[in-house]
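Reader: Hi! Could you walk me through this structure? I'm new to this, so plain words please.

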Amino acid sequence: MVAVTINGLTTQAGDGISLFECADGIGIRVPTSCRKQGKCKECIVEVTEGIESLLARTEHERHLKGNFRLSCQARVGGTDAFVCQTREGAVRCHTMRRANLRIERRAFGLPLGRSASLEPSVTRDGDRILIDGEEIARASGPIHGIAMDLGTTTIVLRLFDLENGEQIADTSLENPQRFGGSDVMARIAYDGEHRGLLMRTLAGYLTRAIEELPVDPKSIYEMVVVGNSTMRDLFFGQSVYTIGQNPYRSITEIEMAEGRRTTTSLTSTGRRCLLPIHPEARVYGAPVISGHVGADAAACMLAVDIAHEDRLIAVMDIGTNTELILGNRHRILAASCPAGPAFEGGTIACGMPALDGAVEDVALASDGTFHLGVIGGTAAQGICGSGLVDLMSELLRTGRMNSMGRFEDDGQRITVDAARDIFFLEGDVNELAQAKGANVAGLQVVCSQYGIDFEEIEVFYLAGGFGRHLKVEASRRIGLIPNLPDSRIEQVGNAAIEGACVTLLSRSRRRELEELVTRVEHCRLETHPSFFDYFVEGCQFKAVESANRVAG
Ligand code: FES
């Protein structure tokens, strides 16, 4: 028998038993719509330990790489001689995670005044349901809409009653496309090899998430989608090949440059997007800015109301792709940094998204004991981004890690929670250093192109679910954010989903968004001559000063 642990629950399994059957036995619901036939590709699990105790991949798993398996196909019965003889193998894996990420029901520190007016595209005239005045259905019940932030790593949905503007529910999930790679370039390459598979897999997971919302899916008549250029276009079934090739332009951007369309926004229907919402519902993909600077950055701009801002503001939305925006109503610069998934828990040995069970607070006592705060108050399963920032800050503060990210006295591994076998490796620090280096280098380039020092930024919006829960002092200490006073830093939560909600609820703000993206200067980080120098400097764990000022 082999011990199989799925999502933290353990069972014993004999040869030939599939991970799906193990999950069933311990009450874990694995997504499926093909009844374990290997066809729907939805039952993905990520195996984090003991993959050698499983039989080899089947035909149905040819599309999967690395440690991803289809749970209905992956069966216990390793071929490794040692494991077979001793039966000491243990398999640890998890399904793509669903949970309520810590979604904020209100925006923090955002200029809200202009967001409040309710003016949705979907309206009712008796039993006629209209979109922009055109009838699409007849129904007497309520009318609903969804705003979605489609991130490379995590996805957030909010459900609204479009007649009163009230948020009814929210939900979130890990992006199931992770099996196609953790960053956008890997997904682009994957989509080239397995065209359409990422879209269909995502649609399957979104279908399940929407069906679990507390309303009839057919009463959802509009959905607004924001995301980086690759995520948005994969969702709409567009080719993303050109986004992966220099000069990194989406199909919509190319067509607009050639005069074949007037906007980079996309419009489709519920039916064409393979979603269970009303088949004629409009699915609106907000416009992208340029290159990898996508609709999520555009939505952030709407959320912070940069079009009416006199102060010089910066927005840093830290994610697998970090979005950077700098400017005010006179001039706006935007960039996208390929920071990778480290701050969302990806590529970190004990990393995980900010879900229940994730360590989010870390304090290191003088006796060397770690005091941990865990989301949901449950037993720790891993460490999320804000926990990782805290952990590194504490290690730096107490001298257990130096500014180069080397552990001073513990070799290459630090035990954070012995009972739960949660640890932190020097290799993890390297991953985080590179993610941090990319973010800082991006900020340096944007400021340099704008011709300002960090000190001139009047409001620094730290956006994103991760940004909302960071400790500012810890973030400054490790050099994740610039060395600005607290009074200028606003942690605003997921500004992209806020912008998506505004776009769903207000036609005039949507028009404003369409106009705003045309005024943004795209700052291409990859071609800036100093990017690499800034990156190397930014990988160090120390306070970040403006390169312009230091140079001057
Ligand atoms: S359940 Fe459909 S592929 Fe495994």
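Author: Happy to! Let's start with a term: buried means under 20% relative accessible area, exposed means over 50%, and partly exposed is in between (1.4 Å probe, protein chains only). This is a predicted model, where local features need pLDDT of at least 70, side-chain atom pairs count only at pLDDT 80 or more, and totals for chains, interfaces and linings use all residues. Residues are numbered from 1 along each chain as its sequence is written, and side-chain values use heavy atoms, leaving out hydrogens and water.

Reader: Cool. How many residues of strand E13 are buried?

Author: Eight of the eight residues in E13 (residues 220-227) are buried, so the strand counts as mostly covered. Strands (E, at least two residues) and helices (H or I, at least four) are DSSP runs, numbered from the N terminus.

Reader: And which strands does E13 run parallel to?

Author: Strand E10 (residues 144-150) is joined to E13 by seven bridges, and strand E15 (residues 282-285) by four. Both pairings are parallel. Two strands pair if DSSP finds at least two bridges between them. For instance, Leu-150 has Gly-227 of E13 as its bridge partner, while Glu-222 is partnered by Arg-282 in E15.

Reader: New topic: is Ala-441 buried or exposed, and why?

Author: Ala-441 counts as buried because its relative accessibility is 0%. Ala-441 sits in helix H9 (residues 426-450).

Reader: What does Ala-441 touch?

Author: Leaving aside residues up to four places away in sequence, Ala-441 touches Phe-531, Tyr-534 and Phe-535. Contact here means heavy atoms within 4.5 Å.

Reader: So how do H9 and H14 pack?

Author: H9 and helix H14 (residues 531-538) pack at about 135°, with axes 7 Å apart. Axes are lines fitted to C-alpha atoms, for helices over the stretch in contact, and angles run from 0 to 180 degrees between N-to-C directions. That angle makes H9 oblique to H14, because under 35 degrees is roughly parallel, over 145 roughly antiparallel, 65 to 115 roughly perpendicular, and the rest oblique.

Reader: Which residues of H14 make that contact?

Author: On the H14 side they are Phe-531, Tyr-534, Phe-535 and Gly-538, while the H9 side includes Ala-441 and Lys-436.

Reader: Last one: what order do the strands have in the open sheet of six?

Author: The order is E25-E24-E16-E17-E18-E26, with mixed pairing. The edge strands, E25 (489-493) and E26 (521-522), each pair on one side only.
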